[in-house]
Amino acid sequence: MVPCARTDGWFQVCYTLLKCLEKYCMTASEERIGDEEDGKVVMHHSRDTAKKQWAETWAMVLPTVTKTVLGNLPVVVKLKQPQQAWQGILHHIQRGGISGLEEVSMSALKCLDDIILIGEGREQDKLPLDITVPMWDDVWKACHGVGVGLNDLMRRSPNIESLPSQKLITFYTIIYRRLNHQVRNNFTTEMFRKLQDVFPAIMLPVLNRNASKMMACRAEISPLQDSVLQIAESLQLV
């Protein structure tokens with residue numbers, strides 16, 4: 001088997017693994033584990049259901065596969081269908097970002113952050129990756145899709161506990177702002193229009209009356225509000 005064929009097959013295995021992890025996680029039981037009457041089984045509350053355990057696995061595997069794709073990007077671009085391989089990992093990152101599971105969503109955002117950092121050459125001892133304009137467009141679409149998904153989650157959340165945390169949303173806004181800067185030379189009118197799909201998602205936790213979801217902040221504005229204002233300011237420079 002030629003090297004490119006082996007690489008393509010390896011990616012398919014990894015993407016199938018991520019697909020299975022998502023399926024098992026989203027369908028896993030939420031019943032508590034370790035409630036036996038004898039009291040011999042003790043389990044931390046963050047891992048006391050099958051769903052939480054699958055989420056932990058998903059959150060660990062996703063960045064590992066992402067780093068592998070980035071580390072082999074010169075090989076990826078030589079595949080017969082490089083765009084398909086690139087869009088494949090972005091699809092799984094987006095799926096993780098809108099999973100509604102805080103741990104998995106944070107892991108997905110970290111993957112997007114890694115792509116931007118490496119693409120900018122800001123990771124220590126690493127040169128910028130040769131990410132093409134179409135590939136950056138795919139990253140922007142995936143990031144936008146996460147924002148739309150977060151917006152949908154907030155509308156459908158039955159209670160305050162299921163809302164994405166301010167920490168998660170703030171991290172998302174920081175990534176979104178840096179990504180907008182990265183694609184500024186190819187920022188289109190259509191991309192600008194699509195921002196209205198995302199801004200409600202990142203503003204809702206600030207405006208929502210459920211104040212307990214907001215982090216305490218002694219400053220006049222919260223970190224989330226500050227990040228949103230920086231996005232608005234950055235758009236004037238696009």
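**Exercise 1. Place Pro 82 in the fold and decide whether Pro 82 is buried, partly exposed or exposed.**

Solution. Pro 82 lies in helix 4. The model is a predicted one. The relative accessible area of Pro 82 is 27%. Buried means under 20% and exposed means over 50%, so Pro 82 is partly exposed. Next come the surroundings. Not counting residues up to four places away in sequence, Pro 82 touches Val 76 and Val 77. The C-alpha atoms of Pro 82 and Met 135 are 9.8 Å apart, with their positions 53 residues apart along the chain.

**Exercise 2. Describe the secondary structure of the chain and how much of the chain is buried.**

Solution. The chain has 9 helices and 0 strands. Its pattern along the sequence is α-α-α-α-α-α-α-α-α. Of the 238 residues, 42% are buried. For contacts with a separation of 6 or more, 72% join residues 24 or more positions apart.

**Exercise 3. Check the spans of helices 2, 5 and 7 against the spans expected at 1.5 Å a residue.**

Solution. Take the helices in sequence order.

- Helix 2, residues 50-71, has 22 residues; its first and last C-alpha atoms are 32 Å apart, close to the expected 32 Å.
- Helix 5, residues 102-120, has 19 residues and should span 27 Å; its end C-alpha atoms are 27 Å apart, so the two values agree.
- Helix 7, residues 166-182, has 17 residues and reaches 24 Å from first C-alpha to last, close to the expected 24 Å.

**Exercise 4. Determine how helix 4 and helix 6 are arranged, and which residues make their contact.**

Solution. Start with the axes. Those of helix 4 (residues 82-97) and helix 6 (residues 133-156) come within 9 Å and cross at roughly 20°. Angles under 35 degrees count as roughly parallel, and the two helices are therefore roughly parallel to each other. Their crossing is right-handed. On the helix 4 side, the contact is made by Gln 83, Trp 86, Gln 87, Leu 90, Gln 94 and Gly 97. Helix 6 contributes Pro 134, Met 135, Asp 138, Val 139, Lys 141, Ala 142, Gly 145, Val 146 and Leu 150. Sorted by class, the contact of helix 4 with helix 6 has 8 nonpolar, 5 polar and 2 charged residues.

The spacing of such positions has a general background. An α-helix has 3.6 residues a turn, so residues three or four places apart point the same way.

**Exercise 5. Characterise the crossing of helix 4 with helix 5.**

Solution. The axes of helix 4 and helix 5 come within 7 Å and cross at roughly 145°. The crossing is left-handed. Helix 4 supplies Trp 86, Leu 90, Ile 93, Gly 96 and Gly 97 to the contact, and helix 5 supplies Val 104, Ser 105, Ala 108, Cys 111, Leu 112 and Ile 115. By class, the contact of helix 4 with helix 5 has 8 nonpolar, 3 polar and no charged residues.

**Exercise 6. Characterise the pairing of helix 5 with helix 7, and state how many residues of each helix are buried.**

Solution. First, burial. In helix 5, 14 of 19 residues are buried, and the helix is mostly covered. Helix 7 is also mostly covered, with 12 of its 17 residues buried. Among the buried residues of helix 7 are Leu 168, Phe 171, Tyr 172, Ile 175, Arg 178 and Leu 179.

Second, geometry. The axes of helix 5 and helix 7 come within 10 Å and cross at roughly 25°, and the helices are therefore roughly parallel to each other. The crossing is left-handed.

Third, the contact. Helix 5 takes part through Glu 102, Ser 105, Met 106, Leu 109, Lys 110, Leu 112, Asp 113, Ile 116, Leu 117 and Glu 120. Helix 7 takes part through Lys 167, Leu 168, Phe 171, Tyr 172, Ile 175, Arg 178, Leu 179 and Gln 182. The contact of helix 5 with helix 7 divides into 10 nonpolar, 2 polar and 6 charged residues.

**Exercise 7. Is Ser 107 buried or exposed, and which residues does Ser 107 contact?**

Solution. Ser 107 is found in helix 5. Its relative accessibility is 10%. Buried means under 20%, so Ser 107 counts as buried. Leaving aside neighbours within four places in sequence, Ser 107 is in contact with Ala 59, Leu 62 and Pro 63. Ala 59, Leu 62 and Pro 63 are themselves among the buried residues of helix 2.

Technical notes
Residues are numbered from 1 along each chain as its sequence is written. This is a predicted model: local features need pLDDT of at least 70, side-chain atom pairs count only at pLDDT 80 or more; totals for chains, interfaces and linings use all residues. Side-chain values use heavy atoms; hydrogens and water are left out. Helices (H or I, at least four residues) and strands (E, at least two) are DSSP runs, numbered from the N terminus. The expected span of a helix is 1.5 Å times one less than its number of residues. Buried means under 20% relative accessible area, exposed over 50%, partly exposed in between (1.4 Å probe, protein chains only). Axes are lines fitted to C-alpha atoms, for helices over the stretch in contact, and angles run from 0 to 180 degrees between N-to-C directions. Angles under 35 degrees count as roughly parallel, over 145 as roughly antiparallel, 65 to 115 as roughly perpendicular and the rest as oblique. A crossing is left-handed if the near helix is turned anticlockwise from the far one by less than a right angle, and right-handed if clockwise. Contact means heavy atoms within 4.5 Å. Ala, Val, Leu, Ile, Met, Phe, Trp, Tyr, Cys and Pro count as nonpolar, Asp, Glu, Lys and Arg as charged, and the others, Gly among them, as polar.
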